[in-house]
Amino acid sequence: MNQADMSDRNPFEYAPAPESRAIVDIKSSYGLFINGEWVEAGQSFKTVSPSTEEVLAEVSDAGEAEVGAAVKAARRAYVRTWSKLAGRDRAKYLYRIARIVAERSREFAVLESLDNGKPIRESRDVDLPLVSAWFFYYAGWADKLEYARADPRALGVAAQIIPWNFPLLMLAWKIAPALAAGNTVVLKPAETTPLTALLFAEVCQQADLPPGVVNIITGAGQTGRALVEHPDVDKIAFTGSTDVGRSIAKAVAGTDKRVTLELGGKAANIVFDDAPVDQAVEGIVNGIFFNQGHVCCAGSRLLVQENVAEEVLARLKRRMGTLRVGDPLDKNTDIGAINSAEQLDRITQLAAVGDAEGAQRWSPPCELPDRGFWFAPTLFTGVTQAHRIAREEIFGPVLSVLTFRTPTEAVEKANNTPYGLSAGVWTDKGSRILWVADQLRAGVVWANTFNKFDPGSPFGGYKESGYGREGGKHGLEAYLR
Ligand code: NAP
Ligand code: MG
């Protein structure tokens, strides 16, 4: 074995440490949660565990009639109960939800990892703590709305459509501010990850939330479209692809529905030659391999200063060699399963474009399980700005590496994208951080860290990354008149 093979190898042997799935009781089939009750739809679909392809449950597929029933229930609840409650009383429900989610967090984390494929280490230590933090944070706002804006009034019924990459966390980002501001909601989770939203419906019952304040309807794109087009919806909050976001913007043009769109990204993670290299490498790994790279703000373009590129790449490769890919329920796992066969196809195809365009692909040696959907952590060097892998969102564990010589060139390259969601900058100099952050057209800029979230901090994009902000006081504005 030569030197290169040695350094590529994962030096750490380890015994599996699987989290038990016994804590969660998955039903064989689920109805829709409308007006505080479970309602069967005529049709259904299956949700699978992407790490094994095992069918987890049969889930109702809401058609136009069910979408209509959910919107009607939300309207009735808005008029009769929710809009009549004082802010401090809405807050009590939100605090209750926050506490119950925290108490049941292990159950939620296991279910999320099963349905989505993400490592339990992340669902347990990132998603779930943030979910309850989001509810606690907005519970605190419910009786203080006049500090967010003068004469605050709710919009009414909010239609909320979320993707599969952070199923429960995106639910929390949507539902917590909407309820705090006095709206009622109809939420549609993604087709491939409906289960934690359905478990959340149980939490609403447990918290004694008045019927109809939260309605959860499962289904595919058609269900989402019916919800967007429903005439009695006041507000649409969407997170997902730029294409669907664009179609939603068109569908509501000329109506008085409010819209916020949180779309894709192609973030630059910029490493200057004075950056602490080991911390930067951790930040690069966290930026692109966290959640299998299924992250809209993922640091999918590494911009590294030319004079340190060799050293940074060598250390990055060594670090990538230690990443453990496999069973999402194993507490050792760093990279879990790709969420669906369709997403795996997209990643595979775009990576093949990278090969065809002449970039050099590298992955550490790693054994992928036989069943399920997997993609090894991957690095492309020799990437130019014209390459599709440098321009399009891959939404998988694939990093494109470009180099730069001067801060000005770094900023130009970082901004050379149709997206503008996030960016990272790694340098020892505070003045440079401020200068770079000021020049970047990105909604969030992380300095010497990456992928950090807090309910008090607004998140959202420029350009094709969408409009509107979630989180913080700004996140309330989207739900107030
Ligand atoms: P998507 O198709 O935009 O899906 C997002 C949500 O919208 C899902 O609940 C989806 O339902 C629903 N939907 C689909 N078509 C709709 C329509 N015409 N009207 C209303 N709702 C509709 O995104 P995706 O398929 O999950 O992923 C595709 C790409 O989107 C990814 O490769 C990535 O580039 C991007 N993405 C971005 C984010 C982000 O956080 N910004 C998150 C996920 C994906 P179904 O899931 O049931 O189809
Ligand atoms: Mg699933």
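Biologist: What makes Glu-53 stand out in the hairpin of β4 and β5?
Modeller: Glu-53 takes a positive phi near 65 degrees, in a hairpin with 6 residues between the strands. This is a predicted model, in which local features need pLDDT of at least 70, side-chain atom pairs count only at pLDDT 80 or more, and totals for chains, interfaces and linings use all residues. Residues are numbered from 1 along each chain as its sequence is written, chains are lettered from A and ligands numbered from 1 in the order in which they are written, and side-chain values use heavy atoms, with hydrogens and water left out.

Biologist: How do you know that β4 and β5 pair?
Modeller: Strands (DSSP runs of E, at least two residues, numbered from the N terminus) pair if DSSP finds at least two bridges between them. Strand β4 (residues 43-48) and β5 are joined by 6 bridges and run antiparallel, so they count as paired. One of the partnerships is Thr-47 with Ala-57 in β5.

Biologist: What joins β1 to β5?
Modeller: Strand β1 (residues 29-30) has 2 bridges to β5 (residues 55-61), and the two run parallel. That meets the minimum of two, so this is a pair as well. Tyr-30 stands opposite Val-59 in β5.

Biologist: What makes Thr-47 a donor of the magnesium ion (ligand 2)?
Modeller: Donors are N, O and S atoms within 2.8 Å of the metal (3.2 Å for Na, K and Ca); water is not among the atoms, so sites may look incomplete. Thr-47 (OG1), Val-48 (O), Asp-115 (O), Asp-115 (OD) and Thr-192 (O) coordinate the ion at 2.1 to 2.7 Å, so they qualify. Thr-47 in strand β4 and Asp-115 in helix α4 (residues 105-116) are 68 residues apart; helices are DSSP runs of H or I, at least four residues.

Biologist: Are Thr-47 and Asp-115 buried or exposed?
Modeller: Both are buried, which means under 20% relative accessible area, with exposed over 50% and partly exposed in between (1.4 Å probe, protein chains only).

Biologist: How do you know that Glu-262 has no salt bridge?
Modeller: A salt bridge needs a side-chain nitrogen of Lys or Arg within 4 Å of a carboxyl oxygen of Asp or Glu. Lys-174, the nearest side chain of opposite charge, is 6.1 Å away from buried Glu-262, so the criterion is not met. Lys and Arg count as positive and Asp and Glu as negative; His and the chain ends are not counted.
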